Amino acid sequence: MTERERGRHEELIEQELARAAQAAQPAAEPVLGVRPPQLGYFRTQTRLRTGWFWSLYGVWYRHVRVYTKTLLANAAPPVFEPLFFFAAIALGLGSYMPNASFDGLPYATFVASGLVVASAMFTSVFETTFGTFVRLVYQKTYDAMLGTHLALNQIFIGELLFTATKGAVFSSIVLGVTAAFGVRPTAWCVLVPVVGAATAYLFGAIGLIVTSYVRMINNFSFFTSGIITPLFFFSGTFFPVRGHNTVLTVFAGLLPLTPAIELSRALYKGEFTRVTLAYLAIFCIYIVICHVVSLRRMRKRLLS
Amino acid sequence: MNQDQAACAPPVIVARKLTRKFGNLEAVAGVDFQVQPNQCIGFLGPNGAGKTTLMRMIYSAIEKTSGELTVFGLTPMVDRKLINSRLGVVFQDNNLDEDLDAAECLHVHALYCGLDWPTARRRTAELLEWLSLADKARSRIRALSGGMVRRLMVGRALLNGPELLILDEPTTGLDPQVRHVIWAMLRELRRQGIIILLTTHYMDEAQQLSDSIMLMDRGRIILSGRPQELIERHLERYVLQVSGLESRPALSADVRHEHVGDTDYFYSHTEPPLRALYRQLPQNALLRHANLEDVFLKFTGRGLHE
């Protein structure tokens with residue numbers, strides 16, 4: 001909030017309070033059998049001073065409520081999908097290489113450390129592509145929000161915070177289930193949901209950027225099949241992307257999923273090197289850039 | 001607020017040469033108008049006249065292309081937050097969340113408006129009561145009838161206690177009972193001093209509710225004024241309307257005739273000549289007062305506008 005804006009708010013609040021005091025006139029005769037609620041009463045200082053928090057919370061809460069109303073249909077596929085990969089590849093394929101060491105980890109642990117992050121990526125990408133598009137074009141959810149004093153940025157920050165929440169939950173579920181199947185997490189793994197949330201935030205923002213350009217819902221399959229699926233396979237989920245040669249290592253390191261997977265893997269190993277720090281830096285830079293670009297793009301799309 | 005004060009108070013909305021283009025299409029083509037406090041303004045026009053675009057500019061959901069617009073003396077888009085905290089919008093489409101129940105829909109919207117949790121709860125309960133929907137609080141939106149949904153949408157726009165209520169075609173597609181309930185609600189809100197902007201293509205709705213009418217066509221405001229004045233200024237008082245007439249009867253000098261499609265219209269300032277005509281005509285003719293619809297059709301032609 002700028003200084004000027006804050007000044008205006010204070011001014012407005014004073015006016016409102018004066019007006020509220022003045023407007024204590026008797027209510028009109030009820031027409032529908034019930035006395036109408038007093039209007040003009042709610043523009044009080046509370047709403048203007050702490051309103052931004054409740055507005056943002058409202059957006060987050062709206063998504064949570066709608067999502068959990070049909071929880072099973074919404075959450076079952078994205079929970080089971082990474083677990084199928086885990087069963088087929090880490091347990092199935094992995095059983096043929098019992099003593100192999102991948103990046104210093106047993107194969108099942110190696111794959112699990114990638115899947116906790118990939119599950120967060122998938123859930124958030126679908127949320128902010130198909131989900132956002134449906135809300136934008138078919139359900140007109142954002143129109144309703146535009147009619148209130150919600151700032152445009154708040155609408156989408158709220159949405160990204162919701163995807164981050166989902167990311168944290170999903171990566172925790174994958175963490176828990178793989179642990180039940182014999183993957184040994186370290187104490188550092190309590191931070192896995194944080195990495196999951198950050199990954200979901202990043203990919204949520206990427207999804208919003210894509211959505212801001214898309215005019216037909218079918219076009220998303222280019223993005224999900226053409227970009228997200230390859231990212232899932234070639235960012236180090238199933239085999240190490242570092243160490244083949246320098247060009248490949250750098251290229252893979254710049255894919256947006258790789259830093260997230262490397263961070264989660266560092267947590268599973270419990271060791272942090274200078275390389276980990278570099279990945280953390282890349283990850284943060286991506287998040288900041290995508291956050292800014294996605295808000296700008298969606299603002300443009302919404303107002304067009 | 002009495003009439004004198006209302007006349008002195010600054011206008012709530014001022015638009016000058018306000019224009020919005022979509023590509024080459026001028027959805028709103030340089031409109032000028034003012035809205036005074038304590039008024040209900042009806043924006044009347046066919047589909048595609050630019051009514052919705054105009055409303056969207058007022059609540060900062062879309063940017064203007066050129067011209068000037070101020071709302072409460074503030075500039076939309078720049079002071080979006082301050083303006084929108086003082087108004088409520090009832091949308092044309094049902095954009096309530098289908099999966100949520102009635103109370104949740106209002107509660108969530110109240111949070112958007114910046115009410116804290118307990119206030120939002122209380123306000124939701126009050127409004128459901130006022131809308132006579134208290135017993136439907138736990139019903140999902142998809143299980144509610146069209147009329148209930150529409151009442152809920154009006155209620156939703158009142159959560160923040162607005163000074164200005166914008167209604168975009170509030171009764172389109174509703175049965176007569178529900179329309180009358182909505183009108184009664186709007187009149188009650190008017191009595192509380194809420195300024196209402198209403199878009200509609202129902203002439204009777206505009207005529208009943210509005211203090212002043214802006215007749216829009218192809219992005220322009222072609223006429224404005226009090227409904228009754230508009231009719232008196234632009235048309236004769238009585239109309240006789242008859243379809244499928246084979247031969248035209250002889251007309252006295254004070255009857256004006258118009259033929260559109262398969263329908264003949266006879267206009268006159270007094271009733272007797274039309275009544276005489278009415279008795280001559282074999283078909284089912286309709287003798288009535290001229291209304292806004294006639295004014296509208298006089299100015300925009302009776303052909304399809306697309």
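Q: In this predicted model, are A:Phe133 and A:Phe220 buried or exposed?
A: Both A:Phe133 and A:Phe220 are buried, a word used for residues under 20% relative accessible area.

Q: What makes the aromatic pair of A:Phe133 and A:Phe220 edge-to-face?
A: The planes stand at 85 degrees to each other, with 5.6 Å centre to centre. Rings pair if their centres lie within 6.5 Å, and planes over 60 degrees apart count as edge-to-face, so both conditions are met. This pair links distant parts of the chain, 87 residues apart: A:Phe133 belongs to helix α4 of chain A and A:Phe220 to helix α8 of chain A.

Q: Why is the pair of B:Phe33 and B:Phe43 called edge-to-face?
A: Its planes meet at 70 degrees and the ring centres are 5.4 Å apart; the angle needed is over 60 degrees, so the name fits. B:Phe33 sits in strand β2 of chain B and B:Phe43 in strand β3 of chain B, ten residues apart.

Q: Why does B:Phe43 count as buried?
A: Its relative accessibility is 0%, and buried means under 20%. B:Phe33, at 5%, counts as buried because of that cut-off too.

Q: How do you know that the buried residues of α10(B) are on the same side?
A: B:Pro273, B:Leu274 and B:Leu277 are the buried residues here. They cover an arc of only 95 degrees around the axis, which puts them on the same side of α10(B). The face turned away from that buried side carries the exposed B:Pro272 and B:Arg279.

Q: What covers the buried residues of α10(B)?
A: The cover includes β10, β12 and β13 of chain B.

Notes: Residues are numbered from 1 along each chain as its sequence is written. Chains are lettered from A and ligands numbered from 1 in the order in which they are written. This is a predicted model: local features need pLDDT of at least 70, side-chain atom pairs count only at pLDDT 80 or more; totals for chains, interfaces and linings use all residues. Side-chain values use heavy atoms; hydrogens and water are left out. Buried means under 20% relative accessible area, exposed over 50%, partly exposed in between (1.4 Å probe, protein chains only). Helices (H or I, at least four residues) and strands (E, at least two) are DSSP runs, numbered from the N terminus. The arc is that of the directions from the helix axis to the C-beta atoms. Contact means heavy atoms within 4.5 Å. Rings of Phe, Tyr and Trp (its six-membered ring) pair if their centres lie within 6.5 Å; planes under 30 degrees apart count as stacked, over 60 as edge-to-face and the rest as tilted.
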